[in-house]
Amino acid sequence: MRIEGENGAPVSPGSSAASNSSADEMIENENQSLRDRVADLEKKVHEQTDEIMCLRSTLADVLRRISTIEGARALANNHAGGRATPTKDTVRLRHNNSDSARDVSKRASSYLPGRSPSSTQIRAKEAQYNGEEGIVKMYLRGRPINLYVPTPMRETYVPNGPSSSPPAKLKLEWVYGYRGRDCRNNVYQLPTGEIVYFVAAVVVLYNVEDQMQRHYLGHTDDIKCLAVHPNKLLIATGQTAGHDRRDARPHIRVWDSVSLNTLHVIGISDIERSVACLAFSKADGGSLLVAVDEAPDHNMSVWDWSRGERGYKLLETKCSADQVLAVDFSPVDRSTIITCGKNHISFWNYESGMLAKRMGVFENRERPKYVTSISFTDTGNVISGDSNGNLLIWQRGGNTVYKMVRGAHDGPVFSILVQKDGGIITGGKDGRIVEWDRDLERTGNVIEIPEQYGSPRVVTSGRGSQLVVGTTRNCVLGGTFTFPLRPVMQGHTEELWALAPHPGHHQFLTAGYDRTCYLWDTMAHTIVWSKDIGEHAQSAAFSNNGEIVIIGTTSGRWFVMDSETREMYSQHQDGNEPIQVLKFSPNGQYLAVGSRDNNIYIYQVSEDCRKYTRVGRCQAKVRRARYQSASSVGHSSFVTHLDWSADSQFLQTNSGDYELLFWNAGLCRQIAQTSQMRDVEWATQSCTLTFATLGIWPEGTDGTDINTCAKANQMDLLATGDDFGKIKLFASPACQQRARCLEYGGHSSHVTAVGFLQDDSRMISTGGRDTAVMQWVVSSNSSSSHR
């Protein structure tokens, strides 16, 4: 081969090779020098960024503490008799006939498909009052219900007369629970020391060290995803569509984590079903936001989120025909977006208003059914985890596998965390958290999460070497590889129905379809104890002395348990249908058990509430009078609510077909002459269909919209929970139609139970499918007087 120099003279191959080698060495040295300089500059930039972030976090923490102090002063002033103003995001005072004026963005939707307060086809009739007989007739779904007006009110009662404002208001103090069972990448540690996560329609900012929670309440339905801006102060959260599409449309909210003010509401007319996942851009300081819709086409949209109140959509494209689990921007390439999910990992390049897509190529490696998680190294390489338990590295700018680690976990890899030093931590369905070095070699550090807490759904960095872990059993854990993980927050994992406030302590019990009972302390905000009862729980009640708790199940079985030691004393069986309600008589001598089999079972209580002897059954019977057709006595549908009279002689009960019946408890006999019961004093007010609760039913209701009702112990205050995730406060009795109320959001599912602590200082509410337990401070409203 002939090689020529610049002047055309022949050059020997040996000298040419030497010359080229020398030039290559010089170029390589210069490149290495440039790389070192760039690395030094990047290190300085990162250090300055950390300093700026530290300053921001310090400022944010100061502002948060100032806000907390001001809030405490306001609360103190309120307890001292000062006027307090409800926040517009959570409270609305509704006057008669003002339903059409409610703020659309604050309304929640029913958990039942196709149902909403405004979509009922049957318009409610006005209540009719017969003054001579003292009977007010109300209608639910066109069915008349006769309610007897107490004697002192017969002459002055007007069904549509003015109603009093509730004498107190609520403020959300604490939320128990976390949504990890079906959501990903939704726990983060903020520089202020707060952990941010969500459950139901509430974003919780929890400072574990100070034992304080703050809550963002801008959403109207289930929150499904969360992203933190690179400045660590702004947060974006996306919600699902409610079944009332007009009032609870899916959208993204960008808000300030210090002030909790909403800055932008994005995609309210663009997202079809739900926001599956979202992420801020990183390389440009977070100017863009990408979101993926859960609609059939799984559309991906890129937003200039800060342009205007509604943001500006730069583009939208079909992402995948299959489920998308995660989306993220590259930290080094502004235009690179990665998505992953069922049967795919996709590499997107955003340029000139267009998105170019390249599918990940697995070549001769096994193709996983799901790519379950993604993250980035500090050099821009992509790390993915899949349903086979493997980890793959995809080189920056490419779409082929650079390196593979087989069997990183026994089952799907749920989370990949790349730390500042380049080390990697992964969490899998096998319940293990594994540490790797930057070359994906095991360091030997492994955490085995106890089965009771579930598998690690998300692993993120806490303070120092701390890890914060969200699990599939709705727990948030904190710890290190040296010190064991401990629960920071726990919650129920399936539908929640049972609630029982303790009669003597600041405690309450909850139980649900996850077969677990929790006893909570409202002052310490912790679990006192938990117990797996082995069956779906439907109802619960404390004995009057608080020493015994009764748990009713969906199988008709109910358990007698010591409320301190959790010892099971006995179990009983009443039918095969769910035990809907349990309640002790005021004198403690009887227990009433309301079943879905239409019957109420009465038990005599003895031996310090440890022994139960059945007295009888209040049931539906058919009697045939002479020369008359058969007539029914007792409930013809399942029992929903019951109350004891103050003297422990009588019961009032509601059923699924909107009946209000009265019973002589000792005789287990129905009282046919209901007019005799008009002046009976009731120890509690949990029945939703009574004269005292006529005003809680909104116009157009269908009779099943209100699930629960409870009267405060010392105050004339009534609380309700409905199918639309709302809690309402009324003055008690609420006997005027469409009584004035205060309305509160937070739950994203039907509110299954509400109850006041024994001193009325707090109210507890439980959500059904949202599995959330919420604790509200009850404060006197100086603008309303007690009655």
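**Salt bridges and a hairpin**

Reader: To kick off, which residue's side chain meets that of K282 in a salt bridge?

Author: A salt bridge here is a side-chain nitrogen of Lys or Arg within 4 Å of a carboxyl oxygen of Asp or Glu. For K282, the N to O distance is 2.4 Å, and the partner is D328.

Reader: How many residues apart are K282 and D328?

Author: This pair ties together distant parts of the chain. K282 is in the loop between β16 (275-280) and β17 (289-293), while D328 belongs to strand β20 (residues 324-329). Strands are DSSP runs (E, at least two residues), numbered from the N terminus. The separation is 46 residues.

Reader: What kind of model is this, and how are residues numbered?

Author: It's a predicted model, where local features need pLDDT of at least 70 and side-chain atom pairs count only at pLDDT 80 or more, though totals for chains, interfaces and linings use all residues. Side-chain values use heavy atoms, with hydrogens and water left out, and along each chain, as its sequence is written, numbering starts from 1.

Reader: Is D328 buried or exposed?

Author: Buried means under 20% relative accessible area, exposed means over 50%, and partly exposed lies in between (1.4 Å probe, protein chains only). K282 has 34%, so this lysine counts as partly exposed. D328 has 16%, so the answer for this one is buried.

Reader: Which residue forms a salt bridge with E366?

Author: The closest N and O atoms of this pair are 3.2 Å apart. E366 sits in the loop between β23 (354-359) and β24 (371-376), and its partner is in the loop between β27 (401-405) and β28 (413-418), 40 residues apart. E366 is partly exposed at 40%, whereas the partner is exposed at 53%. That partner is R406.

Reader: What about E363: which residue does its side chain meet in a salt bridge?

Author: E363 is exposed, because its relative accessible area is 54%. The residue it meets is partly exposed at 22%. With 3.5 Å from N to O, the partner is R365.

Reader: How many salt bridges does the structure hold?

Author: The pairs above include K282 with D328 and E366 with R406. For the structure, the count is 24.

Reader: Which residue in the turn between β26 and β27 has a positive phi?

Author: Strand β26 (residues 391-394) runs antiparallel to β27, joined by 4 bridges; two strands pair if DSSP finds at least two bridges between them. L391 stands opposite V405 in β27. The two strands form a hairpin with 6 residues between them, and the turn residue with a phi of about 85° is G397.
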